[in-house]
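Work through the exercises below with the sequence and the coordinates at hand. Each task is followed by a stepwise solution.

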Amino acid sequence: KIHRRFGSLRSLARADILLNSSVTNFSFDKFYVFNSKLNGCIVPNEKNLVAGPSVIASSIPTNSISSSTPIEYSVAETQRRTFEHEIYLYESSAPSVNDPTSATAIVVGGYYGSDTTPSYYRLDFLEKDNISYKDILRNYKYQIVVNSVSGRGYPTPEDAFKSLPINMNIEVRAWDDGQAGSVDFGDQYYISF
């Protein structure tokens with residue numbers, strides 16, 4: 001009966017990035033995901049679940065490794081302000097605040113002001129204290145809202161990833177999409193909302 005217990009828990013998380021309507025001095029050009037996991041668990045570790053079902057911690061496969069090269073996403077003209085339904089991630093555990101280069105992070109490339117050359121900004125999955133990293137959890141949607149851009153970023157995506165975030169104020173909103181209600185009809189049919 002695994003499908004009834006874990007059926008509403010996808011094995012991936014989704015990350016959407018959008019500009020606040022008040023941001024008029026920046027547009028997206030490219031996105032890069034650094035340190036994304038190359039594999040994930042199909043079924044979460046039972047100790048990482050609470051009733052609902054909902055996950056409270058990441059389930060990482062034994063010997064899981066992160067990608068050594070960033071995943072690059074091109075931005076269509078229609079996505080210059082809102083980049084949704086494109087970035088999907090396997091779960092990853094939060095690193096120590098002293099080890100930012102082991103975190104899964106997104107680097108956004110874009111045009112600041114009247115610049116004709118893109119610059120790059122690091123976006124992290126942080127707790128509300130804006131210091132501690134958070135686990136990236138399955139079935140969550142992370143909406144990263146860029147609230148302001150106050151200057152140019154770094155000259156390359158690698159420079160941005162290896163450095164502290166600058167000149168971009170963001171808010172990370174997380175939604176748990178695992179709280180679906182389920183209805184069973186005998187052993188043959190199953191529906192979830």
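**Exercise 1. Determine whether strand S1 is largely enclosed or not, and identify the strands it pairs with.**

Solution.
- Step 1. The model is predicted, and S1 spans residues 12-19.
- Step 2. Buried means under 20% relative accessible area. By that cut-off 7 of the 8 residues of S1 are buried, so the strand is largely enclosed by the rest of the structure.
- Step 3. S1 is joined to S6 by 6 bridges, and these two strands run antiparallel. In this pairing Ala13 stands opposite Leu89.
- Step 4. S1 is also joined to S9 by 6 bridges, here with the strands running parallel. Ala15 has Tyr142 of S9 as its bridge partner.

**Exercise 2. Describe Ser21: which loop holds it, and is it buried or exposed?**

Solution.
- Step 1. Ser21 lies in the loop between S1 and S2.
- Step 2. Exposed means over 50% relative accessible area. Ser21 has 68% relative accessibility, so it counts as exposed.
- Step 3. Ser21 and Asn147 are 126 residues apart along the chain, and their C-alpha atoms are separated by 8.4 Å.

**Exercise 3. Locate the largest nonpolar core and name the elements that build it.**

Solution.
- Step 1. The core has 30 residues; those touching the most other members are Ile17, Phe26, Phe28, Phe31, Ile87 and Ile106.
- Step 2. Two or more residues each come from S1, S2 (26-34), S6 (82-90), S7 (105-112), S8 (119-124) and S9 (140-149). S9 gives the most, with 5 residues.
- Step 3. Take Phe31 and set aside its neighbours within four places in sequence. Its contacts then are Ile17, Ile71, Glu72, Tyr73, Val75, Phe83, Ile87, Ile106, Val107 and Val108.
- Step 4. Another core lies apart from the largest one; it has 8 residues, including Tyr32, Tyr120, Tyr154 and Phe161.
- Step 5. As background, nonpolar side chains in soluble globular proteins tend to be buried together.

**Exercise 4. Characterise the largest pocket and the largest cavity by volume and lining.**

Solution.
- Step 1. The largest pocket has a volume of about 540 Å³. Its lining has 23 residues, of which Asp124, Leu126, Glu127, Asn130 and Ile170 are the closest to the centre.
- Step 2. S8 and S10 (168-176) are the elements that give two or more residues to this lining. S10 gives the most, with 7 residues.
- Step 3. By class, the pocket lining has 13 nonpolar, 3 polar and 7 charged residues.
- Step 4. The structure holds 1 cavity of 30 Å³ or more. The largest cavity contains about 40 Å³ of space.
- Step 5. This cavity is lined by Ser92, Ser93, Ala94, Pro95, Ala103, Thr104, Phe125, Tyr133, Lys134 and Ile136. Of the cavity lining, 6 residues are nonpolar, 3 polar and 1 charged.

**Exercise 5. Summarise the chain: how many helices and strands does it have, and in what order do the elements run?**

Solution.
- Step 1. The protein chain has 2 helices and 12 strands.
- Step 2. Read from the N terminus, the order is α-β-β-β-β-β-β-β-β-β-α-β-β-β.
- Step 3. Of the 193 residues in the chain, 42% are buried.
- Step 4. Consider contacts between residues at least 6 apart in sequence: 75% of them join residues at least 24 apart.

Definitions and conventions
Residues are numbered from 1 along each chain as its sequence is written. This is a predicted model: local features need pLDDT of at least 70, side-chain atom pairs count only at pLDDT 80 or more; totals for chains, interfaces and linings use all residues. Side-chain values use heavy atoms; hydrogens and water are left out. A nonpolar core is a set of buried Ala, Val, Leu, Ile, Met, Phe, Trp, Tyr and Cys residues joined through side-chain atoms within 4.5 Å. Buried means under 20% relative accessible area, exposed over 50%, partly exposed in between (1.4 Å probe, protein chains only). Helices (H or I, at least four residues) and strands (E, at least two) are DSSP runs, numbered from the N terminus. Contact means heavy atoms within 4.5 Å. Two strands pair if DSSP finds at least two bridges between them. On a 1 Å grid over the protein atoms alone, a cavity is a set of points where a 1.4 Å probe fits but cannot get out, and a pocket is an open set with protein on both sides within 12 Å along at least five of seven lines; lining residues have an atom within 4 Å of a point. Grid points are joined across faces, edges and corners, and a volume is the space filled by probe spheres set on the points. Ala, Val, Leu, Ile, Met, Phe, Trp, Tyr, Cys and Pro count as nonpolar, Asp, Glu, Lys and Arg as charged, and the others, Gly among them, as polar.
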